[in-house]
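Reader: I should be grateful for a close look at a single strand of this model, covering its partners and its surroundings. Please treat the matter in one connected account.

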Amino acid sequence: MPSITIAIPVYNVSRYVRKSLLSALNQDFIGEYEILVVDDCGTDDSMDIVRSVVKEHPRGGIVRIVEHAENMGLGPARNTAIDNARGEYIFFLDSDDWVSTDCLSVLYRRAEAAGSDITVGSLIRVEEDNPAKVKEEIFPDMDVNHEAAGVYLFTQGVNYNIELWNKLMRLSFIRGNGLTCVHRIIEDSIFDFNARALVQKVSLVSNVTLYYNIRKGSILTNIKQQGGSDESAFVFCDILKQCQHLINDRYASIPGIYDFYFLRILYSCISMYRAHYTDVQKCFIRKSMSGCMSFIPSAEMLSSVTYRRAWRLCRRRDDYEFFVRVWSYPNRSDFYIKYIYPVKLFLYKILH
């Protein structure tokens with residue numbers, strides 16, 4: 001049995017998939033690993049490139065291809081990888097990103113030493129249109145053994161990325177807890193919410209193991225630049241509803257869970273605000289978000305002073321634009337946030 005499965009969903013990435021796949025093949029990992037490519041039925045020659053690389057590369061035999069009957073989306077593609085992986089661990093690599101040569105070695109060594117179910121590497125974000133512009137996200141080297149370790153880390157001010165990529169995850173932990181991606185797009189959020197609440201051993205690594213390519217055609221970039229779709233509006237709102245159900249049914253006793261839920265509200269609101277939705281879509285969003293703040297029983301359930309402040313001001317409002325604008329002033333005084341800024345916003349709406 002291979003120690004690690006690198007899972008690569010592929011859909012219309014002909015410009016990037018060669019570099020991504022080669023980075024997975026050229027690992028210095030001395031153990032046995034496999035690469036599982038999930039063909040999500042794109043319309044370009046991505047899979048032709050994959051098969052060409054597999055044929056030419058001396059390690060091509062470690063690559064397995066699983067084909068969907070039709071395009072299903074990134075979430076189902078990740079679930080297909082979970083179902084078909086043979087490794088002890090699984091590592092998700094998006095087909096437009098690439099990994100460092102020592103990625104598997106670094107993460108596997110730490111996971112085995114600490115007995116962690118989730119091991120997170122550091123990363124560098126690279127802009128496709130400006131390769132010289134990079135942003136490093138370096139985590140401290142640390143191992144955490146704690147109930148709901150992912151939530152605990154967040155309450156301690158250490159918040160690793162939501163996305164599934166660049167994490168070495170023990171497959172028995174994923175399958176044993178029934179973790180899956182719920183949505184076609186923005187598929188990481190519910191998986192991550194569950195994983196952080198359930199995991200007890202997490203490791204963070206300061207080594208850069210992933211290079212995240214910020215490209216024009218990605219799902220989130222399209223949402224930000226071209227406007228949100230009906231599907232993305234639904235998913236952002238459904239994420240909050242699903243988090244509410246999970247807290248009520250399973251996680252209400254976890255310290256810091258409401259702070260973590262608040263972060264999901266913030267992430268969804270800011271993402272939706274940047275997407276330039278239509279008036280009809282905004283109406284749907286406001287209706288769907290009704291009660292998302294009042295779901296938190298009281299300000300005392302939040303440990304962050306800033307979160308409490310925003311909760312008191314916004315809990316009766318369903319307008320996500322208002323929420324984001326208030327959040328834009330988290331360091332202002334209580335007097336400014338409670339009195340002056342709402343008046344300015346009221347006058348702005350009247351005058352415009």
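Author: In this predicted model, strand E1 and strand E4 (residues 89-92) run parallel and are joined by 4 bridges. Within this pairing, Ile-6 has Phe-91 of E4 as its bridge partner.

E1 is also paired with strand E2 (residues 33-39): 7 bridges connect them, and the two strands again run parallel. Here Asp-39 of E2 is the bridge partner of Val-10. The connection between E1 and E2 involves a helix, for E1, helix H1 (residues 17-25) and E2 together form a β-α-β unit, which is right-handed.

The surroundings of E1 may be considered next. Strand E1 spans residues 4-10, and 7 of its 7 residues are buried, so the strand is largely enclosed by the rest of the structure. The cut-off behind this statement is a relative accessible area under 20%. In a regular strand, side chains alternate between the two faces of the sheet. In E1, one side carries Ile-4, Ile-6, Ile-8 and Val-10, while Thr-5, Ala-7 and Pro-9 lie on the other; both faces are covered, as all of these residues are buried. Ile-6, the bridge partner of Phe-91 in E4, and Val-10, the bridge partner of Asp-39 in E2, are thus listed on one side of the strand.

A buried position in a helix may be set beside this strand. Ser-271 belongs to helix H10 (residues 257-274). Its relative accessible area is 14%, and Ser-271 is therefore buried, given the cut-off of under 20%. A polar atom of the Ser-271 side chain lies 2.8 Å from the backbone oxygen of Tyr-267.

Notes. Residues numbered from 1 in each chain as written. Predicted model: local features only at pLDDT ≥ 70, side-chain atom pairs only at ≥ 80, totals over all residues. Heavy atoms only, no water. Buried < 20%, exposed > 50% of the residue type's maximum accessible area, 1.4 Å probe, protein only. Polar contact = N/O pair within 3.5 Å; in protein donor to acceptor, adjacent residues only side chain to side chain. Pairing = 2+ DSSP bridges. Right-handed = clockwise from strand over helix to strand, strands pointing away.
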